[in-house]
Amino acid sequence: MDILIVEDEPEIAKLIQLALEREGFSCNWCPDGLSALQAFTKQQPDVIILDLMLPGLDGLEVCARIRQKPGAKDPYILMLTAKGEEIDRVIGLSTGADDYMVKPFSPTELVARVRALLRRSLRHGGQHLVYQTQHFAVDVDQRTATRHIEAGGAEALDLTTLEFNLLATFISQPGRVWNRTQLIDKLWGDDFFGDERVVDTHVARLRKKIEPDPANPTFVKTVIGVGYKFEDSTTT
């Protein structure tokens, strides 16, 4: 697995690199946001360890640009911040980060977080799973999702890995109400680290891609005080 480390402090970058390479990962290091975007385009890493405070483009902007154009791979992003305030974590997650760590941190915990990210996938029993409703079709094994449009055709949905897994989870049981804990257990299992509200961030991002009006969702609905549910008539 290839990992891109984006950290402007060489000592910290070296500590991260040594810890990951000791576990068999291949690492590249960039000291700033612009070089990170260039390296991302060439390397297409599986995971990006991204410092929030960078010279030039900061980590939030780098994260947002990568999520706008993920390329051949849609990498997991672990954001590092020296700030412990709750608002910084929420902002980081809202730009598309999958997890965050506050400095100072343990190299052992960082490695564990990276392994947890790489194990995040939709768990199923190996059978070919295809879910279809009136407006959507999701092929879990082919990793494709389409939305039926009024003209009678099908439109491919450009989803990140987590957005795809979230949609597949919702569409697997239309009408079921999921709370944050259940969604975390379904998508990430016991490997999850971080704030449960990362679920809200990914739901919001999914809505922007599948809803006619994300502010007034038709398909992924909020159940106040409980969680979320997916509503769409099934066809199979």
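Which residue forms a salt bridge with Lys-103, and how far apart are the closest N and O atoms? I shall begin with that pair and then widen the view. Please keep in mind throughout that this is a predicted model.

The partner of Lys-103 is Glu-7, and the closest N and O atoms of the two are 2.9 Å apart. Along the chain these residues stand 96 residues apart, so the salt bridge links distant parts of the protein. Lys-103 sits in the loop between strand 5, residues 99–102, and helix 5, residues 107–118. Glu-7 sits in the loop between strand 1, residues 2–6, and helix 1, residues 10–22. Are the two partners buried or exposed? Lys-103 has a relative accessibility of 15% and counts as buried, because the cut-off for that class is under 20%. Glu-7 is buried as well, at 0%.

Let us turn to a second pair. The side chains of Arg-205 and Glu-163 also meet in a salt bridge, with 3.3 Å from N to O. Arg-205 belongs to helix 8, residues 198–210, while Glu-163 belongs to helix 6, residues 161–172. The two positions are 42 residues apart in sequence, so this salt bridge ties together separate parts of the chain. Arg-205 is buried, with a relative accessible area of 13%. Glu-163 is likewise buried, at 1% relative accessibility.

A third pair provides another setting. Glu-231 forms a salt bridge with Lys-229, and their closest N and O atoms are 2.9 Å apart. Glu-231 counts as partly exposed, at 29% relative accessibility. Lys-229 is partly exposed too, at 23%. Returning to the opening pair, Glu-7 and Lys-103 are joined with Asp-51 into one network by salt bridges that share partners. For the protein, the count of salt bridges comes to 13.

I now move from side chains to helices. At what angle do helix 6 and helix 7 pack? The angle is about 115°, and the axes of the two helices are 11 Å apart. Helix 7 covers residues 180–187. With that angle, helix 6 is roughly perpendicular to helix 7. The crossing of these two helices is right-handed. On the side of helix 6, the contact is made by Asn-165, Leu-166, Thr-169 and Phe-170. On the side of helix 7, Leu-183, Lys-186 and Leu-187 take part. Helix 6 is also the element that holds Glu-163, from the second salt bridge.

One residue in a loop deserves a moment. Glu-150 lies between strand 8, residues 144–148, and strand 9, residues 154–156. Glu-150 counts as exposed, because its relative accessibility is 86% and the class begins over 50%. The C-alpha atoms of Glu-150 and His-135 are separated by 9.4 Å, and the two residues are 15 residues apart along the chain.

Finally, let us consider the protein as a whole. Its secondary structure comes to eight helices and twelve strands. Of its 236 residues, 48% count as buried. Among contacts with a separation of 6 or more, 57% are between residues 24 or more positions apart. The protein exposes about 11,300 Å², and carbon and sulfur atoms supply 51% of that area.

Definitions and conventions. Residues are numbered from 1 along each chain as its sequence is written. This is a predicted model: local features need pLDDT of at least 70, side-chain atom pairs count only at pLDDT 80 or more; totals for chains, interfaces and linings use all residues. Side-chain values use heavy atoms; hydrogens and water are left out. Helices (H or I, at least four residues) and strands (E, at least two) are DSSP runs, numbered from the N terminus. Buried means under 20% relative accessible area, exposed over 50%, partly exposed in between (1.4 Å probe, protein chains only). Contact means heavy atoms within 4.5 Å. Accessible areas come from the Shrake-Rupley method with a 1.4 Å probe; for residues, only the protein chains shown count as cover. A salt bridge is a side-chain nitrogen of Lys or Arg within 4 Å of a carboxyl oxygen of Asp or Glu. Axes are lines fitted to C-alpha atoms, for helices over the stretch in contact, and angles run from 0 to 180 degrees between N-to-C directions. Angles under 35 degrees count as roughly parallel, over 145 as roughly antiparallel, 65 to 115 as roughly perpendicular and the rest as oblique. A crossing is left-handed if the near helix is turned anticlockwise from the far one by less than a right angle, and right-handed if clockwise.
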